[in-house]
Amino acid sequence: MSQNGHKVIGTRPIRHDGVDKVTGRAIYGADIQLTGLLHGTVKRSPHPHARIKNIDTSRAEAHPGVRAVVTAHDLPQIADKLADLGEAIVNLRDASNNVLAYGKVLYKGHAVAGVAAINLHVAQEAVELIDVEYEVLPHVTGVLEAMEDGAPILHEDMKTTSMGEETDKVSNIANHFQHKMGEPDDGFAEADVVIEREFTTQTVHQGYIETHNATALWNEEGQLTIWTSTQGAFSVRDQMAEILQMPVSKVKIVPLEIGGGFGGKISVYLDPVAALLSKKTGHPVKMTMTRDEVFEGTGPTPGSYLKVKMGATSDGRLTAATAYMAYEAGAYPGSPVGAGAGCIFTPYDIPNVQIDGYDVCVNKPKTNAYRAPGATNAAYATETVVDEISEKLGVDPLEFRVKNGAKEGTRRADGPVHPRIGCIETTEAALNSEHYRSSLAKSANGKVRGRGVASGYWFNFNGGRSAISVSINPDGTINMLEGSTDIGGSRASIAMQLAETIGLEATDIKPYVVDTDSIGYTDVTGGSRTTFGTGYAAHATGQALIREMKERASKLWDVPADAIDFEDGVFSYRDDAEKRGSFKEMASQAGDAGGPVVAQVSTNPDGSGGGAFATHVVDVEVDRETGKVDILRYTAVQDAGTAIHPSYVEGQMQGGVVQGIGWGLNEEYIYNDDGSMTNASFLDYRMPTTLDLPMIETIIVEVPNESHPYGVRGVGEVPIVPPPAALANAIYDATGVRLRDLPMSPPRVQKALAENGG
Amino acid sequence: MRNFSYVNATSIEQVPSLLGRSWDDAVVMAGGTDLVGEMKDYAAVPKRVVNLKSIEGLDYIRQDDAGLRIGALTTLTDVLENSAVSQELPVLHQAVSVIASPQIRNMATLAGNILQRPRCWYYRSEDFPCLKKGGARCYAVGGVNTYHAIFGSGPSYIVHPSDAAPALMALGATVHVHGPRGGDEVLMDDFFTMPEMNIRRENILRPNEIVTEISIPKPEANSKGMFLKVRERESIDFALVSLAAQMTVVNGTCERASLVLGGVAPIPWRAVEAEDYLRGRRITEARAESAAEAAVEDAAPMPHNGYKVEIAKNLVKQAVQALAS
């Protein structure tokens with residue numbers, strides 16, 4: 001038994017999908033084979049910004065192996081309309097134009113046509129036979145340049161919305177918003193130390209190992225089935241219905257196993273193209289992306305410019321903070337600047353705050369969600385400034401954070417008031433960690449060492465629709481169907497909550513992720529919501545099963561149902577100790593008293609729970625001669641509410657840290673002057689390997705989330721938030737030089753040290 | 001990747017006739033770890049691929065009094081695990097140990113490693129018809145040249161990607177070549193060619209010639225070697241700068257130094273000035289530093305790669321001091 005009296009929650013069973021995954025039997029999108037299968041690929045723009053004057057597909061269509069070619073003209077052109085697709089509100093016309101460019105291409109790699117052929121090689125050959133006539137336009141890829149008057153305009157009909165009102169100004173700034181609380185000027189006047197700094201971050205990609213794929217079959221009855229890798233099958237269904245203007249009932253999405261998503265596998269790219277090609281040919285059509293297509297043609301997370309100013313009194317109280325945040329949306333509006341603004345000062349209790357956010361279009365791929373979207377950029381700025389203030393005041397940076405930490409009742413600058421949260425508990429756990437209390441030994445090899453800390457916040461989506469459908473087998477095991485695709489061990493974490501509720505073992509539950517025709521609507525696996533939200537539904541399902549089993553027991557024992565208790569996994573009749581049985585014992589008889597036992601439950605929690613906080617500690621060693629930063633030790637501390645499966649909580653924490661380290665030290669889209677990405681491969685876009693990292697140590701703090709029956713807080717996203725800032729602070733501690741531009745790669749670090757005498 | 005025909009060669013003698021007079025006709029494949037990527041990126045578009053792995057007897061490491069002979073099809077893993085290499089040729093052993101990843105080393109051959117094509121991102125992108133592909137310009141000039149050459153004066157600014165080549169050159173190795181007129185031997189120092197001599201390729205091989213063996217003379221007594229590689233990532237990454245160093249030091253005095261830099265020039269770059277400076281000198285920290293300065297005397301960095309000069313200098317100083325102690 002684990003702590004809190006739980007039998008299953010808090011234990012570490014082997015995941016249900018584990019064996020199939022490690023033995024290669026699990027089915028991914030690229031494994032799909034169907035009779036008569038054709039293979040498709042995409043023609044992409046070589047220009048970052050151009051008007052499409054003409055697309056001539058005749059040469060491609062004349063190729064003997066080609067079966068169909070499609071362009072934007074095969075898509076219904078739809079009006080401006082906003083839709084909620086899980087992690088973001090999306091304009092459907094933009095979504096359609098992003099799938100196949102209409103009128104203009106807005107980034108290099110923008111899809112302009114799709115081809116289906118008898119095999120992939122023919123399809124690739126045929127793509128070269130599509131003749132696109134472009135009028136090349138001036139382009140802009142940097143966020144500040146795109147905001148300038150006179151910058152090349154991506155959308156001639158887009159007027160800037162400012163403070164909620166549409167203005168007459170046509171610019172690349174889609175939206176400017178402001179959150180204000182108190183009077184920042186007064187707050188800075190009270191402060192004894194005020195620090196204001198500028199920061200830049202570059203475009204980075206989620207880097208999931210499985211590239212995008214979709215196999216579509218549009219049958220003779222007009223029923224469309226798509227097998228795909230996605231975080232949200234129902235979101236794909238909604239997007240397909242909207243983009244193709246067809247009823248949702250005509251679309252079935254079959255989610256396959258997913259080789260990583262991190263927010264990047266919610267929007268559709270290939271799915272509508274494969275569907276159109278299948279409609280034209282009458283055959284199933286399979287499409288998969290290459291790695292460079294993933295880099296150039298999907299949704300990375302934005303580059304950004306931030307200016308942050310913070311003030312504190314000499315006794316260490318934060319009095320005011322302001323932020324100017326300009327995020328690249330990419331080709332169409334919708335950067336995560338809003339989310340970044342909601343997170344930027346949230347670990348702190350600051351009375352006077354102003355945040356200005358700008359959502360800016362640039363000639364780069366339309367950005368998409370990436371693990372706590374917008375928050376990592378924000379924390380890089382805030383947490384570096386907090387480090388500098390702590391240093392000026394001569395106080396320990398973690399003690400400063402504890403003193404100014406947000407708690408229940410603290411108001412965020414964007415409005416909401418925190419319920420019970422674990423911000424201070426997490427920071428205190430970092431402060432008291434063996435790592436933080438240990439001293440950092442000097443390097444013996446002429447390199448310099450330093451330690452840095454940083455904190456981070458992510459909202460967590462404490463809501464969303466989830467459905468679960470179960471049937472009880474006569475042996476007492478349970479088949480559990482769910483609509484949440486399993487990216488990070490959620491089959492296990494959800495099954496464990498059902499098992500806990502009804503007194504079974506995790507292995508007694510057989511979880512299945514099923515297609516959209518087989519389960520009720522379930523929101524995306526995103527926003528750190530799945531173990532929370534679908535787990536919430538699992539708990540409710542358990543309650544429903546207990547009620548149903550009491551009814552069955554009532555019939556079997558011929559006693560009133562309300563006189564039957566369920567405790568410690570055993571049903572018993574209050575007035576007769578003989579009348580008792582475990583869930584499994586009852587299950588073997590229950591079918592005789594009313595047919596198979598099944599239950600279907602759907603839930604939609606109100607979203608009132610508190611968010612996730614993390615504090616990280618890192619020791620680095622910097623080679624001043626090469627500029628290379630090696631990580632000696634890394635500890636991530638995080639409030640998980642209640643850790644359902646501690647190994648997977650730790651796995652999420654470690655995975656988030658690793659991605660944050662990559663973002664901090666190496667990863668970036670490097671652009672040529674012509675607006676093309678130079679490094680669209682995993683060789684030149686350097687994600688860290690295991691050899692670049694030490695074991696990431698984890699400390700789980702558990703401050704239960706009051707809006708969940710077991711206290712679950714989502715854990716997947718917040719661990720990516722602190723690493724770049726923690727690394728920058730550690731590099732400063734080692735070298736005396738502050739780095740305010742990401743990534744802090746060897747050439748940049750070496751240059752910064754040379755320029756600043758570090 | 002474009003369509004191509006595939007031929008299994010069965011003898012060395014047969015290969016020249018299977019190849020053509022032009023690089024566009026046919027290419028050879030051994031491990032394929034570089035070639036397949038090149039073909040996928042349309043940097044190589046051969047009509048025919050001639051497989052060499054079907055030739056028997058090219059996979060060997062033989063030791064005799066003169067030194068070591070390594071067959072062209074010997075994998076990097078076999079080189080790495082060979083005890084003669086690890087005991088007597090640490091510079092080669094260390095160089096091979098930091099190439100790519102274990103999976104790639106299991107496939108890739110030693111000859112293939114020294115014959116790798118440039119890793120320049122303009123060369124590897126089908127969007128840039130650069131000099132190396134018969135185009136009109138080197139896109140590194142005026143482009144993002146962070147990872148390009150600091151030595152040589154163009155017109156192409158690629159860097160030679162091999163880790164094994166600087167080590168073999170530092171050891172004075174010889175390349176055995178087979179062509180239509182039979183076999184030939186070329187010193188590694190004469191094997192690689194600068195862009196002004198041969199813009200499309202990085203060595204003297206003609207389209208119908210192959211490498212069959214690499215032989216390495218036994219290092220002289222009192223000679224020590226080491227390989228240093230600076231890269232951004234600890235695995236699956238090419239050198240920003242590497243250094244293969246082999247030095248003969250007697251009583252603290254350098255009798256002979258062989259210093260070859262990688263990742264800094266279109267070919268493995270022998271630091272002749274540093275070698276000349278060190279010859280006959282007692283090694284001190286100041287002299288190691290002077291050698292380092294001499295090694296980069298002719299460096300002409302591009303706008304984004306000045307950092308490589310510093311790294312090259314530091315590696316030379318570090319190696320000279322380590323090998324003299």
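Which side chain meets B:Asp237 in a salt bridge? Work through the exercises below to place that pair in its setting.

**Conventions.** This is a predicted model, in which local features need pLDDT of at least 70, side-chain atom pairs count only at pLDDT 80 or more, and totals for chains, interfaces and linings use all residues. Residues are numbered from 1 along each chain as its sequence is written, chains are lettered from A and ligands numbered from 1 in the order in which they are written, and side-chain values use heavy atoms, with hydrogens and water left out.

**Exercise 1. Identify the salt bridges between chain B and chain A.**

Step 1. Set the rule: a side-chain nitrogen of Lys or Arg lies within 4 Å of a carboxyl oxygen of Asp or Glu.

Step 2. Apply it to B:Asp237. The partner is A:Arg686, at 2.6 Å, N to O.

Step 3. Count. Chain B and chain A share four salt bridges. Over all chains the rule gives 63.

Step 4. Look inside chain A. A:Glu135 and A:Arg51 form a salt bridge at 3.7 Å, N to O. This pair joins strand 8 (residues 131-136) to strand 2 (residues 50-56) of chain A, and its members are 84 residues apart. Strands here are DSSP runs (E, at least two residues) and helices are runs of H or I (at least four), numbered from the N terminus.

**Exercise 2. Describe the contact of chain B with chain A.**

Step 1. Count residues with heavy atoms within 4.5 Å. Chain B supplies 26 and chain A 32.

Step 2. Take the buried area, the accessible area (1.4 Å probe) that two parts lose on being put together, summed over both. The value is about 2400 Å², with 53% from carbon and sulfur atoms.

Step 3. Find the main contributors in chain B. B:Trp121, B:Glu232 and B:Arg233 lose the most area to chain A, together 28% of what that side buries.

**Exercise 3. Lay out the open sheet of chain A.**

Step 1. Order the strands, pairing two if DSSP finds at least two bridges between them. Four strands run 23-22-21-27, with mixed pairing.

Step 2. Mark the edges. Strand 23 (509-513) and strand 27 (598-603) each pair on one side only.

Step 3. Check one pair. Strand 21 (residues 466-472) and strand 22 (residues 478-482) of chain A are antiparallel over five bridges. A:Val470 stands opposite A:Met480.

Step 4. Add a helix. Helix 15 (residues 490-502) of chain A lies across strands 21, 22 and 23. Its angle to strand 22 is about 130°, taken between N-to-C directions on a 0 to 180 degrees scale, with axes fitted to C-alpha atoms, for helices over the stretch in contact.
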